[in-house]
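Trainee: I keep meeting terms such as core, edge strand and pocket. Could we go through one structure together and check each word against the model?

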Amino acid sequence: MGQAMGDSRLKDRTAHVIVCGNEKGGTGKTTTSILLTTALLHKGMRVATVDLDVRQQSLSRYVQNRRRWTDQHGVALDHPHNVPINAVQCDSRQASYDREFGTLLRAMSAIERDYDFIVIDTPGHDGALMRLAHSIADTLVTPLNDSFLDLDVLARVDAESLKIDQLSHYASSVRDARRERRSADKGLLDWVVVRNRISSSSSRNKENFSEVLHDLSLQLGFRFGGGLSERVIFREHFARGLTVMDDLAACGLETAKHRTSDATARLEVATLVDSLRLPVDSAARERAQARREWMEQVRAPHSNGNQALDLTDIACA
Ligand SMILES: Nc1ncnc2c1ncn2[C@@H]1O[C@H](COP(=O)(O)OP(=O)(O)OP(=O)(O)O)[C@@H](O)[C@H]1O
Ligand SMILES: [Mg+2]
């Protein structure tokens, strides 16, 4: 990491780097990366994605799916520029790591000036690349399933007293990454924990979980972002490369039955994005507004009294 932070190419970057990280698997890192990416595109931001999960490459597949589906259906949607960091097999582990490390540095310096945001998805296990990503993050988003099992990734908690016994390996890594970031360029890593797959039921266990998480936030210096509920819509359109933050109605994918729940899901993601306090500039807002106006114009009823132009026939036949 020291080697990376000493690299001046990372010091004068312009893009805001969001890293979705958690040392535990299956907590929603890729889901959150995808939702944030499409939400930012929808705001008119230029977004690049970096897929550090060299084994699964789910984020890369998502971006490919989006390109393929929109091409096949003639839908005009914005796309992120995706950089997969491919696994390399060299003679030694160190050599493989050096190659991947070099690839990430080159990728970052190639894109950091051309995009407003770089969203980095990381694998669910510790590794040098994952630690490097944490040390170059401006915003670290850690999705956490609403359970004590997932809390273990932050700290060991005494079952009876609910007191924090010991900080976890991941929490210590984030603390180190923060220190490196500060000493390298005085940058601050804003750590935001996002509760994921929240269910609507209430229980004593849930209350305890909230209390412990609150204590941990004070000890570890993270804050809470808007949480995400368990929703089918958050995984439904992966194969199409779409999310609820895309204009699903224009894509012919929003049914009357789901309109209200989709709107609630959209609000949830928008609340999450707002809670991250990202630098969304006015130029981007103007681009997004122009696009919205254009979409509305295309969808509006014609002045000659004809039916509203149904984009589903044109765009998504
Ligand atoms: N809020 C949610 N609602 C419904 N399904 C969800 C939600 N969050 C995640 N999932 C589903 O849970 C599974 C794991 O999510 P995801 O792949 O995003 O986790 P991950 O942290 O990236 O996992 P890995 O560590 O394996 O990379 C996926 O099937 C995803 O669709
Ligand atoms: Mg993943």
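Mentor: Here are a few questions and answers on this structure, which is a predicted model.

Trainee: Why is Arg277 called exposed?

Mentor: Exposed means over 50% relative accessible area. Arg277 has 64%, so the word applies. Arg277 sits in the loop between helix 10 (259–275) and helix 11 (282–299).

Trainee: What makes the phi of Arg277 worth a remark?

Mentor: That phi is positive, about 50°, although Arg277 is not a glycine. Leu162 is another non-glycine residue with a positive phi, near 60°. Look for Leu162 in the loop between strand 6 (155–157) and strand 7 (164–167).

Trainee: What makes strand 3 and strand 9 edge strands?

Mentor: Each of them pairs on one side only. You can read that from the order of the open seven-stranded sheet, 3-2-4-1-5-8-9, where the pairing is parallel. Strand 3 covers 81–84 and strand 9 covers 223–224.

Trainee: How do you know that strand 1 and strand 4 pair?

Mentor: Pairing takes at least two bridges. Strand 1 (residues 16–20) and strand 4 (residues 117–121) have five bridges, in the parallel sense. Within this pair, Val17 stands opposite Ile118 of strand 4.

Trainee: Where does helix 7 lie?

Mentor: Helix 7 (residues 169–185) lies across strand 5 (139–145) and strand 8 (190–196), and runs at about 150° to strand 8.

Trainee: Which residues touch the most other members of the largest nonpolar core?

Mentor: They are Val50, Ile118, Ile120, Leu154 and Trp191, in a core of 43 residues. Helix 4 (residues 93–111) gives the most to this core, namely seven residues. There is also a second, separate core of 32 residues, including Ile18, Val192, Val244 and Val273.

Trainee: What is Leu154 in contact with, apart from neighbours within four places in sequence?

Mentor: Contact needs heavy atoms within 4.5 Å. Among the residues that meet this for Leu154 are Leu144, Leu167, Tyr170, Trp191, Leu213 and Phe222.

Trainee: What makes a residue part of the lining of a pocket?

Mentor: A lining residue has an atom within 4 Å of a pocket point. For the largest pocket, 31 residues form the lining, and Gly26, Gly28, Lys29, Thr30 and Thr31 lie nearest its centre. The volume of the largest pocket is about 610 Å³.

Trainee: Which helix gives the most to that lining?

Mentor: Helix 2 does, with five residues. Helix 2 (29–42), helix 3 (58–73) and helix 9 (233–236) each supply at least two residues of the lining.

Methods:
Residues are numbered from 1 along each chain as its sequence is written. Chains are lettered from A and ligands numbered from 1 in the order in which they are written. This is a predicted model: local features need pLDDT of at least 70, side-chain atom pairs count only at pLDDT 80 or more; totals for chains, interfaces and linings use all residues. Side-chain values use heavy atoms; hydrogens and water are left out. A nonpolar core is a set of buried Ala, Val, Leu, Ile, Met, Phe, Trp, Tyr and Cys residues joined through side-chain atoms within 4.5 Å. Buried means under 20% relative accessible area, exposed over 50%, partly exposed in between (1.4 Å probe, protein chains only). Helices (H or I, at least four residues) and strands (E, at least two) are DSSP runs, numbered from the N terminus. Axes are lines fitted to C-alpha atoms, for helices over the stretch in contact, and angles run from 0 to 180 degrees between N-to-C directions. On a 1 Å grid over the protein atoms alone, a cavity is a set of points where a 1.4 Å probe fits but cannot get out, and a pocket is an open set with protein on both sides within 12 Å along at least five of seven lines; lining residues have an atom within 4 Å of a point. Grid points are joined across faces, edges and corners, and a volume is the space filled by probe spheres set on the points.
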